[in-house]
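Here are a few notes to help you find your way around the charged pairs in this one. Have the structure open and follow along.

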Amino acid sequence: MATKSMAPLPRHRILHHLRLEWESHHRRLVYKYNAVHSFLYEPDIKDLEDLAAGMTLEQADFCCNKSVALYIMTAEKSLFPRAYLLLEMLHNHLYDKWFRPYRRELEYGQFLARTIVPQCPSLPTGARPGDVVDIVIPVHAAICNRAEEARLALKELGPSLQSKSVLKPRLPREYWRGLNRNRSLLSIIRHQEFFILQPLFRALAIVIRGESFNAQVLDIGQLSVLVIRTGVEEGLSAPISFDPIAHQISALFHGSHRETAVETALDTAVDFVMDLEEREVAAFGLRPDPVASTRGLEDGCFRGPSFRHKAIQLGWAQWGDDPLVGPSSQWVDLEKHEEKPRWSEREVERIQAAGELKVAPAPGQIWSEREIQLWNARAKERMRAAGELKAAPAPGEVSAVLSPV
């Protein structure tokens, strides 16, 4: 007996389905580079020349299309395993504040922040806020300069030099990494045009001191942070001023070269950065350009051909010559799809079964009871491993910290 084929979906439902998949991919990508220990950027800041030489293309690219660098620093010999919980709470909280269902530009790794965890100890014992400013500014400058230099060097790489054996010092280490994921070297070079080191990223840095975090922190948004103006403001529409958050600043500090830093809550710092991000978009438009950067569904982080293939499976061919083009932020008709995106239980189970990126769904997405149980059990295990949980929390206690619903 012949198998009955599935009726093709309407155009708006195909686009809705694809956007949900794109958002799911983006969530896992950001989690991977900002919260998974084996993928974190952990530079050795004691030697800035070595820091630059050791930067891979992946690390350089993921500094791009972000509005701020978020450093986690400590005078302790190690942040782990305690930092596992901090990184996951940070990821959930930042994604919650930044994410807008269906409408955020996601391509080329666009996100609010890039988390950087310098090798410990990254601060001297007893370091004061002014000392932290003096340490962070040259480190941040070295990271930004190297990320830009590495990408530009790769863009200039001619066909005769596209081999591992003829690397030049300016090129990023392991720039060919990714070829085993069906990405040609030519496409990797072409994608660099849309990985943009944002002027705002150069101008600001946020520092969380590891000593300020413990498992009893109930509201990560109230964690005290240091927001540093680096003094590099070329390319911004206007200078940066802390005046808009003056009433929420608990202390003001200066580096040895009069760079300014303020102490405030994480939520205040994030809102401040997002307001500046909106100011820059209003002045210059979106960068990278949403239309130019998504021609042919190119991305540099996701694989466009897989989305075209999925669209055909869902019945896109019935729409004749209508091309599937980006940006994906314009795919969903909000009058027809008002509900927030959700992860299916099947998708979460598949991710967990593969042992990859055990990340909670984004705020507003739907959790099954089983998903909440798995997430909270994992949080407890990490807290116990850190020696910060002697007894299991009461029902609902951990979910109050980690669960975004």
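1. Before anything else, keep in mind that this is a predicted model. Let's start with Glu233 and Arg229, whose side chains form a salt bridge at 3.3 Å, N to O. Glu233 is buried, its relative accessible area being 19%, while Arg229 is partly exposed at 23%. Glu233 gets the buried label because the cut-off is under 20%.

2. How many salt bridges turn up in a search of the whole structure? The search finds 10. As general background, side chains of opposite charge can pair when their charged atoms come close.

3. Have a look at Asp267 and Lys97 too, a salt bridge with an N to O distance of 3.8 Å. Asp267 belongs to helix 8 (residues 266-284) and Lys97 to helix 4 (residues 82-98), so this pair ties together parts 170 residues apart in sequence. As for accessibility, Asp267 is buried at 16%, and Lys97 is partly exposed at 27%.

4. Next come Arg279 and Glu280, with side chains that meet in a salt bridge at 2.9 Å, N to O. Is Glu280 buried or exposed? Glu280 is buried, with a relative accessible area of 7%. Its partner Arg279 is partly exposed, at 24% relative accessibility.

5. One last stop: which residues are linked with Asp61 in a network of salt bridges? They are Glu148 and Arg151, so click on those together with Asp61 if you want to see how a salt bridge is counted here, with nitrogen and carboxyl oxygen within 4 Å.

Key
Residues numbered from 1 in each chain as written. Predicted model: local features only at pLDDT ≥ 70, side-chain atom pairs only at ≥ 80, totals over all residues. Heavy atoms only, no water. Helix = DSSP H or I, 4+ residues; strand = E, 2+ residues; numbered from the N terminus. Buried < 20%, exposed > 50% of the residue type's maximum accessible area, 1.4 Å probe, protein only.
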